[in-house]
Structures are given as C-alpha cells and as structure tokens.
Amino acid sequence: MDHELDQALDSVGPRLRALRRRRETTLTDLSAATGISVSTLSRLETGDRRPTLELLLPLAKAHGVSLDELVDAPPTGDPRVNLRPVTNNGMTMLPLTRRAGGIQAYKMVLPGGGARSEPDPQVHEGYEWLYVLNGRLRLVLGEHDLVLGPGEAAEFDTRVPHWFGTTGEESVEILSLFGRQGERAHVRARPKAKRASGDQD
C-alpha cells in the first residue's frame, strides 16, 4: 500500500508540468493564480518537493482537473486535459478555458421547472460578461431586475450587487466570461475599407 502511495505521489510532478505546458502557462502565472511560490511550484514539478493536500487543492482548481486525476496520473504524465462539468446547487458549470489566470470562460446550465428562485445578490472583485444561448435568464443587478432572452448579453462590474437565475419556467444555457481584478473582455472589429468613388459593382 505504501509503495502504491509513493508511486502515485511521484507521478504528480510530471503531471503538473505536462498540464502547465499544455496550457502554455508560466510558473509565474500559476503562482499568481494559486498563491504558491514559484520556487515551490518548480520543486513540485521536479519531484524535489513532496505534494501535500494544501498544495494540490489550489493546483487542481487552477488546472481545471479533479484531485483524483492529479494523483492517479501515470508516472510519465498525461498531457491531455479533460474538461469536466461541475454541479453546484443544481447549476452545471463546464469550464472552457485551459489556462490559469486571465479571463475565464464557462458554459452554465441552470435547471428550470422549479419555483422562481429568490434573488440573493452578492458582490466580489472582478468583471463578468453573460451571453444567453437558450432559455430566459433573470439578472438582478443593483436596482435593475432584467430578463434576458437568447442572443442577449450583459456585462457588469461584479462589485455591483448581482444575482442571476432562471425565471422558473425553463432551463437556461449561458456563456460566461469572468475576469478578476477588473479584467475585461475586449472585442475588436476591423472597419470595412472605404471604396474609391470610381469603383463599380
């Protein structure tokens, strides 16, 4: 049993390195996302530091994998990243981004068919952008109580009290972009080139 445990722990370093390189994330970026020092991260990857639960939990979260996946990885390390949905309070959330730090993207499915949820607005650091794919999303933002339909979007500073949920009638599918510390998504479009006055169709 001890041999199996040692083998599992020995496999964590190569797995961590493979995950980080797959996501094109630097040790500095990962350190900022997890609060673990660069030197500790480096020693974990090389096997010079034995992994502990306190270190593995934030790393699993940053890489978007379960703790089991991190520990049960083969000794050679498996660079494949399987995006797994997470269900919390009935809402299913699928992470779409593959790197730590920066703007994070999620697809969320909020189940309908139940009673209309009572809003409980929250505040936190960051900036969020929501886009409704299917269904109708109720968004409470500060003084506003809005209902968004398919194709509609909202963006807001998450320091403003906010809450979102279903209208109670049907499930809702949304895309969410979230950036910490005021990071915002920027959309750039190239303007059409002006045609010369002599051009003809």
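Over how many bridges do strand β4 and strand β9 pair? In this predicted model, β4 (residues 127–134) and β9 (residues 172–179) are joined by seven bridges, and their pairing is antiparallel. One of the residues involved is Tyr127, whose bridge partner in β9 is Gly179.

This pair belongs to a wider arrangement. Six strands make up an open sheet, and following the order β1-β2-β3-β9-β4-β7 takes the reader across it, with antiparallel pairing. At the edges sit β1 (86–88) and β7 (153–157), each of which has a pairing on one side only. On average, neighbouring strands of the sheet are turned by 25 degrees against each other when direction is ignored. As a reminder, strands of a sheet pair through backbone hydrogen bonds, in either a parallel or an antiparallel sense.

Turning to the helices, Thr34 is found in helix α3, which covers residues 27–34. Thr34 counts as buried because its relative accessibility is 15%, below the 20% cut-off. Its side chain reaches the backbone oxygen of Leu30 at 2.8 Å. With neighbours within four places in sequence set aside, Thr34 is in contact with Pro58, Leu59 and Ala62.

Leu41 lies in helix α4, spanning residues 38–46. Leu41 is likewise buried, since its relative accessible area is 2%. Beyond the neighbours within four places in sequence, the contacts of Leu41 are with Leu27, Leu30, Ser31, Ile36 and Leu59. Leu59 thus appears in the contact lists of both Thr34 and Leu41. Leu41 can also be placed relative to Leu16: the two are 25 residues apart along the chain, and their C-alpha atoms are separated by 8.9 Å.

Technical notes: Residues are numbered from 1 along each chain as its sequence is written. This is a predicted model: local features need pLDDT of at least 70, side-chain atom pairs count only at pLDDT 80 or more; totals for chains, interfaces and linings use all residues. Side-chain values use heavy atoms; hydrogens and water are left out. Helices (H or I, at least four residues) and strands (E, at least two) are DSSP runs, numbered from the N terminus. Buried means under 20% relative accessible area, exposed over 50%, partly exposed in between (1.4 Å probe, protein chains only). A polar contact is a pair of N or O atoms within 3.5 Å; within protein, one must be able to donate a hydrogen and the other to accept it, and residues adjacent in sequence count only if both atoms are side-chain atoms. Contact means heavy atoms within 4.5 Å. Two strands pair if DSSP finds at least two bridges between them. Axes are lines fitted to C-alpha atoms, for helices over the stretch in contact, and angles run from 0 to 180 degrees between N-to-C directions.
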